[in-house]
Amino acid sequence: MIQISDKFYDKAFKLQSIKHFESLCFNCGIFIEFDHFINSELVDDGGTTYHMDIAFADKRGFIAIVEFQSSVVTEDDVDRFMKYAVLTHLREGKNVHIYVISTVEEHDRVIRRKWNLFNEFTIYIKSLKSIDGNKTLNRIKQRIKNNEVNNEDIADLETVIFMKSEKSVVELLWEIATLVNSIENIDGNELYDLKMFLEMYVRKFVEDEYEAQKLMELIEMKKDLYHRTVDTIMSRGEAKIINNLLENGFTLDEICAMVNLEKNYVLNLLK
């Protein structure tokens, strides 16, 4: 089974999360009134380019930046976020709010730093680990039973392995994969994306090869509307992620190095 690097996983997670970012924000207690996306690329006076994960205009008159973080926020991160806020404020002429959705922080927290003599800069860190994963799964089970699955439930299924739970990641993956296979009222593309997410988690977190293979078989079975084999699902899933990485500025050589694949194999995926 092809293993994925941390860099590849982090980028793929961010790109996939963007699809349901409004629902993910809601689930994390970030209440937004989305208007439109703004350019997420910033350039400072020295010509250095920065890439925010998500930046958009809120209908209440400010700019919101949402960052996804798979490590504890450090002072270097705070400096980077402050730079994002300053450059965005100068470009857009509006106040800036920054939210960090974290998969590793134990609790929600707020970081405040002086911006200048009169203004304070605030970063709102929202921890997925502060959400009760067991309650979330029980709620989703009931909604599946009632044929009421919505975008918030899909976002939860994609992130519940990071929530607070006494179960192991592997146990959660078995439960999530079983739940996904029981969803009746789901679009085929949505189902495909969910399965690709689960397969990425298996490659990232499941060390036992036999258990990983059994999980892959469960993910692939029953509700794959395209009737793909595991190998076909993964090759098309890899192609989708690789295309997104190319669109986000990674070179083909960088992507090959990230995922430890030969360039010819990657080129064949993209055909």
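**Close-ups: aromatic pairs and helix H4**

A search of the whole structure, which is a predicted model, turns up 13 aromatic pairs.

**View 1. Phe21 and Phe37, a tilted pair.** The ring centres of Phe21 and Phe37 sit 5.5 Å apart with the planes at 45°, so this one counts as tilted. It ties together distant parts of the chain: Phe21 belongs to helix H2 (residues 21-27) and Phe37 to strand E1 (residues 34-37), 16 residues apart. Phe21 is buried, at 3% relative accessibility, while Phe37 is partly exposed, with a relative accessible area of 46%. Ring pairs also join Phe21, Phe34, Phe37 and Phe56 into a cluster.

**View 2. Phe81 and Tyr84, a tilted pair within helix H3.** Here the centres are 6.3 Å apart and the planes meet at 55°. Both residues lie in H3 (residues 75-92), three residues apart, or about one turn of the helix. Phe81 and Tyr84 are both buried.

**View 3. The buried side of helix H4.** Gly133, Asn134, Thr136, Leu137, Ile140 and Ile144 are the buried ones here. They span an arc of only 160° around the axis, so they end up on the same side of H4. Among what covers them are helix H5 (151-159) and helix H6 (169-181). The face turned away from that buried side carries exposed Lys135 and Lys145.

**View 4. Length and ends of helix H4.** With 13 residues (133-145) at 1.5 Å each, H4 should span 18 Å, and its end C-alpha atoms are indeed 18 Å apart. Asp132 caps the N-terminal end, with a side-chain oxygen 3.0 Å from the backbone nitrogen of Asn134. Just after H4, Asn147 adopts a positive phi of about 55°.

Notes: Residues numbered from 1 in each chain as written. Predicted model: local features only at pLDDT ≥ 70, side-chain atom pairs only at ≥ 80, totals over all residues. Heavy atoms only, no water. Helix = DSSP H or I, 4+ residues; strand = E, 2+ residues; numbered from the N terminus. Expected span 1.5 Å × (residues − 1). Buried < 20%, exposed > 50% of the residue type's maximum accessible area, 1.4 Å probe, protein only. Arc of directions from axis to C-beta. Contact = heavy atoms within 4.5 Å. Polar contact = N/O pair within 3.5 Å; in protein donor to acceptor, adjacent residues only side chain to side chain. Phe/Tyr/Trp six-rings, centres within 6.5 Å; stacked < 30°, edge-to-face > 60°.
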